[in-house]
Amino acid sequence: MLKRQAISLVKILSLSAIISQSAIADDIMDNEQINGVIDMTDPVSGIFVSPSFTYNEVSLDSNYLNENVKKSLFGIGLSLGYEFDSNFLFEFNGVMASNFSMGGASDRYNWSHKALLLGYRFEWEKVSLIPLYGRASWTLSQQEGQLFNSGGEEYDEIEGTDTIYGLSFLGKVNKHTQALMSLKEIKVDFGEVYLLNMGISYYF
């Protein structure tokens with residue numbers, strides 16, 4: 001009699017342990033889905049913001065001294081946009097960048113632009129590619145450095161609105177955050193402007 005009761009008790013305890021383990025596993029799965037660990041491949045959509053560091057390469061056919069120059073500029077960028085469930089998106093993009101001029105001793109070049117771009121996301125699991133196309137309003141200022149300059153510093157500023165296009169590469173970090181690298185070109189008439197941005201995109 002006692003033996004049968006002991007066997008029954010062991011069966012009940014074993015069944016309870018199995019049920020408990022199953023419930024715990026379900027809770028872990030639910031928490032991981034909520035925290036974005038498992039749902040990494042879900043489609044991305046909604047409002048996004050993308051802060052970034054930027055490297056600009058600006059080539060001028062003729063600067064304020066009628067010289068052909070190429071300058072490397074460094075700065076920051078910020079994009080704010082919206083992506084639809086259909087993978088189409090639009091974004092407002094702004095960049096400010098300057099070269100190192102040793103406290104004004106060498107020539108100073110400042111670049112800034114505001115752009116509206118349209119794009120479409122091609123997505124493969126955790127990696128995405130987004131071709132972008134739009135228009136950018138830009139300003140480029142040039143100021144002569146003080147070193148070896150006996151007179152006043154020459155200053156020139158040009159501006160315009162031109163076509164901007166490029167590619168963005170993204171890799172998912174979690175459900176809301178993606179690592180970002182973007183390559184763009186602005187079709188200016190004074191030379192060439194290329195931009196490399198590296199940062200993150202955060203989706204709300």
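## A walk through the strands

Read from one end of the sequence to the other, the protein chain runs α-β-β-β-β-β-β-β-β-β. Colour by secondary structure and you should find 1 helix and 9 strands. Keep in mind as you click around that this is a predicted model.

**The whole chain.** Stay zoomed out for a moment. The protein chain has 204 residues, and buried ones make up 34% of them. Now think about contacts with a sequence separation of 6 or more: 57% of these are between residues 24 or more positions apart.

**The cavity.** Next, switch on a cavity display. Searching the whole structure for cavities of 30 Å³ or more turns up 1. The largest cavity holds about 160 Å³ of space. To get there, select Ser50, Glu91, Ser168, Leu180 and Ser201, which are the closest to its centre among the 18 residues of the lining.

Which strands each supply at least two residues of that lining? Select strand 1 (46-60), strand 3 (88-98), strand 6 (127-143), strand 7 (155-172), strand 8 (177-186) and strand 9 (191-203), and you have them. Colour the lining by residue class and you get 7 nonpolar, 8 polar and 3 charged residues.

**The nonpolar core.** Hide the cavity and select Trp111, Ile186, Phe190 and Val193. In the largest nonpolar core, which has 27 residues, these four touch the most other members. At least two residues of this core come from each of strand 1, strand 2 (69-83), strand 3, strand 4 (108-120), strand 6, strand 7, strand 8 and strand 9. The biggest giver is strand 6, with 5 residues.

Centre on Val193 and show its surroundings. Leaving out residues up to four places away in sequence, Val193 touches Glu57, Val58, Trp111, Lys184, Glu185, Ile186 and Val188. Trp111 and Ile186 are familiar from the core selection you just made.

**A buried glutamate.** Jump to Glu83, in strand 2. Is this residue buried or exposed? Glu83 counts as buried because its relative accessible area is 0%, below the 20% cut-off. Show side chains here and look for Tyr203: the side chains of Glu83 and Tyr203 are joined by a polar contact of 2.7 Å. Widen the selection to everything Glu83 touches beyond four places in sequence, and you pick up Val44, Ser45, Gly46, Phe48, Phe88, Leu89, Arg121 and Tyr203.

**Over to Gly46.** From that list, click Gly46, which lies in strand 1. Gly46 is buried too, with a relative accessible area of 11%. What does Gly46 contact, once its neighbours within four places in sequence are set aside? Select Gly81, Tyr82, Glu83 and Tyr203 to see. So Tyr203 is a contact of Gly46 as well as of Glu83.

Before leaving, draw a C-alpha to C-alpha distance from Gly46 to Leu89. The two are 43 residues apart in sequence, and the line should read 9.2 Å.

**Last stop: Lys172.** Finish in strand 7, at Lys172. With a relative accessibility of 11%, Lys172 is counted as buried, since the cut-off is 20%. Where does its side chain find a polar contact? Select Glu123: the side chains of Lys172 and Glu123 make a polar contact at 3.3 Å.

How values were computed
Residues numbered from 1 in each chain as written. Predicted model: local features only at pLDDT ≥ 70, side-chain atom pairs only at ≥ 80, totals over all residues. Heavy atoms only, no water. 1 Å grid on protein atoms, 1.4 Å probe; cavity = no way out; pocket = protein on both sides within 12 Å on 5 of 7 lines; lining within 4 Å. Points joined across faces, edges and corners; volume = space filled by probe spheres on them. Helix = DSSP H or I, 4+ residues; strand = E, 2+ residues; numbered from the N terminus. Nonpolar A, V, L, I, M, F, W, Y, C, P; charged D, E, K, R; others polar. Core = buried A, V, L, I, M, F, W, Y, C linked by side-chain atoms within 4.5 Å. Buried < 20%, exposed > 50% of the residue type's maximum accessible area, 1.4 Å probe, protein only. Contact = heavy atoms within 4.5 Å. Polar contact = N/O pair within 3.5 Å; in protein donor to acceptor, adjacent residues only side chain to side chain.
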